[in-house]
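Opening the notebook on this one. I want to go through charged pairs, a sheet, a helix pair and one glycine, in that order.

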Amino acid sequence: MSIDKKNEKPIGVFDSGVGGISVLRELVKIMPNENYLYFGDSINAPYGTKEVSVIRELTIKNIEKLLDMGAKSIVVACNTATSAAVRVLRQMYPKIPLVGIEPAIKPAVEYKEKSRVVVMATPMTLKQEKFQNLMKKYENQAEIVPLPCPGLMEFVERGDLEGEDLYNYLSILFGSVNSKKIDSVVLGCTHYPFAKKAIEAVVGKDVQIFDGGEGTAREMRRRMQCASLINPSKEKGTVKFINSKDTEEERELCEFLLNLKM
């Protein structure tokens, strides 16, 4: 295969559902000439309440599917799947640029000295050794408050981004950590940026919100440059959505979230 043909192959983006589209948006912004193949495993969502072994097995199976469909590189756009499977995937595919995502604790801690940082994530992400190590790394620089958010990703999976039930859910959720001032919030699940407007309304405009999507997109571009896999095309690339639910409603939701004004 010629270099050009190889470079024209798509970047594979995987998530447990539609949340990874928040990372896909950043990838398209940074590398608009690339082609993208997005796979969401909504039929098995949420991953964040499953056993690690199950998450790892599902993730590996779905990454293999993307590679079989011709993906030249892989973004695991799911915090839970990254924690459970990225190390194994890198051992399995050492020559493929493969990037995971992690909660953006570093920029949140650096934003303000001795601040109080709330990290929203799935219960499974917060339990993982990867997250615990990340939190320990910065615990002397800020008060880091893990906030498990069971049920939040389901709002996004339904396309409910501003409903009254969502505001009520978030109000109760933050009621448990609001005893002291919050300086910043880290969105530790790729679904959560789609609920950012509702989160801002609950925590207030003075609270800075961070997510890891942009950093992940930049890291993928860097790795692809190192592997000489950047698409030389000057044309705008394509985005193809595949979802394990395989319904028209799911495809419409994916298109809606990709083009959503945020």
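What follows is my set of entries, made on a predicted model.

**Entry 1: salt bridges**

I started with the charged side chains and got a count of 16 salt bridges. I picked three pairs to look at.

First up was Glu143 with Arg116, where the closest N and O atoms are 3.4 Å apart. This pair links distant parts of the chain: Glu143 belongs to strand E6 (residues 143-148) and Arg116 to strand E5 (residues 116-121), with the two positions 27 residues apart. Is Arg116 buried or exposed? I found Arg116 buried, at a relative accessible area of 8%. Its partner Glu143 is partly exposed, at 34% relative accessibility. The cut-off for buried is under 20%, so Arg116 falls inside it, while Glu143 does not.

Next I checked Lys205 and Glu200, whose side chains meet in a salt bridge at 3.5 Å, N to O. Lys205 is exposed, with 70% relative accessibility. Glu200 comes out as partly exposed, at 22%.

Then I went to Glu248 and Arg251, another salt bridge, with the closest N and O atoms 3.4 Å apart. Both residues lie in helix H12 (residues 248-259), and because they are three residues apart there, about one helical turn separates them. I noted Glu248 as partly exposed at 44% relative accessibility, and Arg251 as partly exposed too, at 33%. While on this topic, I also wrote down a network: Lys112, Lys181 and Asp183 are joined by salt bridges that share partners.

**Entry 2: the open sheet**

In which order do the five strands of the open sheet run? I read the order as E4-E3-E1-E2-E9, with parallel pairing. Strand E4 (98-99) and strand E9 (239-243) are the edges, each pairing on one side only.

A reminder to myself: strands of a sheet pair through backbone hydrogen bonds, either parallel or antiparallel.

I zoomed in on strand E1 (residues 11-15) and strand E3 (residues 73-76), which run parallel and are joined by four bridges. Within this pairing I located Val13, which stands opposite Val75 in E3.

**Entry 3: H9 against H10**

For two packed helices, I describe the angle between their axes and the distance between the axes. I took helix H9 (residues 164-175) and helix H10 (residues 196-203): their axes come within 10 Å and cross at roughly 50°. That makes H9 oblique to H10. Why not roughly parallel? Angles count as roughly parallel under 35 degrees, so a crossing at roughly 50° misses that class. I logged the crossing of H9 and H10 as right-handed.

Which residues meet across this pair? On the H9 side I listed Leu166, Tyr167, Leu170, Ser171 and Phe174. On the H10 side they meet Ala198, Ile199, Ala201, Val202 and Val203.

**Entry 4: Gly212**

Last, I looked up where Gly212 sits, and found it in the loop between strand E8 (208-211) and helix H11 (213-226). Gly212 counts as buried, at 14% relative accessibility.

What does Gly212 touch, leaving out residues up to four places away in sequence? I found Ile101, Glu102 and Ala104. I also checked Gly100: Gly212 and Gly100 are 112 residues apart in sequence, and their C-alpha atoms are 9.9 Å apart in space.

Conventions: Residues numbered from 1 in each chain as written. Predicted model: local features only at pLDDT ≥ 70, side-chain atom pairs only at ≥ 80, totals over all residues. Heavy atoms only, no water. Salt bridge = Lys/Arg side-chain N within 4 Å of Asp/Glu carboxyl O. Buried < 20%, exposed > 50% of the residue type's maximum accessible area, 1.4 Å probe, protein only. Pairing = 2+ DSSP bridges. Axes fitted to C-alpha atoms, helices over the stretch in contact; angles between N-to-C directions. Parallel < 35°, antiparallel > 145°, perpendicular 65-115°, else oblique. Left-handed = near helix turned anticlockwise from the far one by under 90°. Contact = heavy atoms within 4.5 Å.
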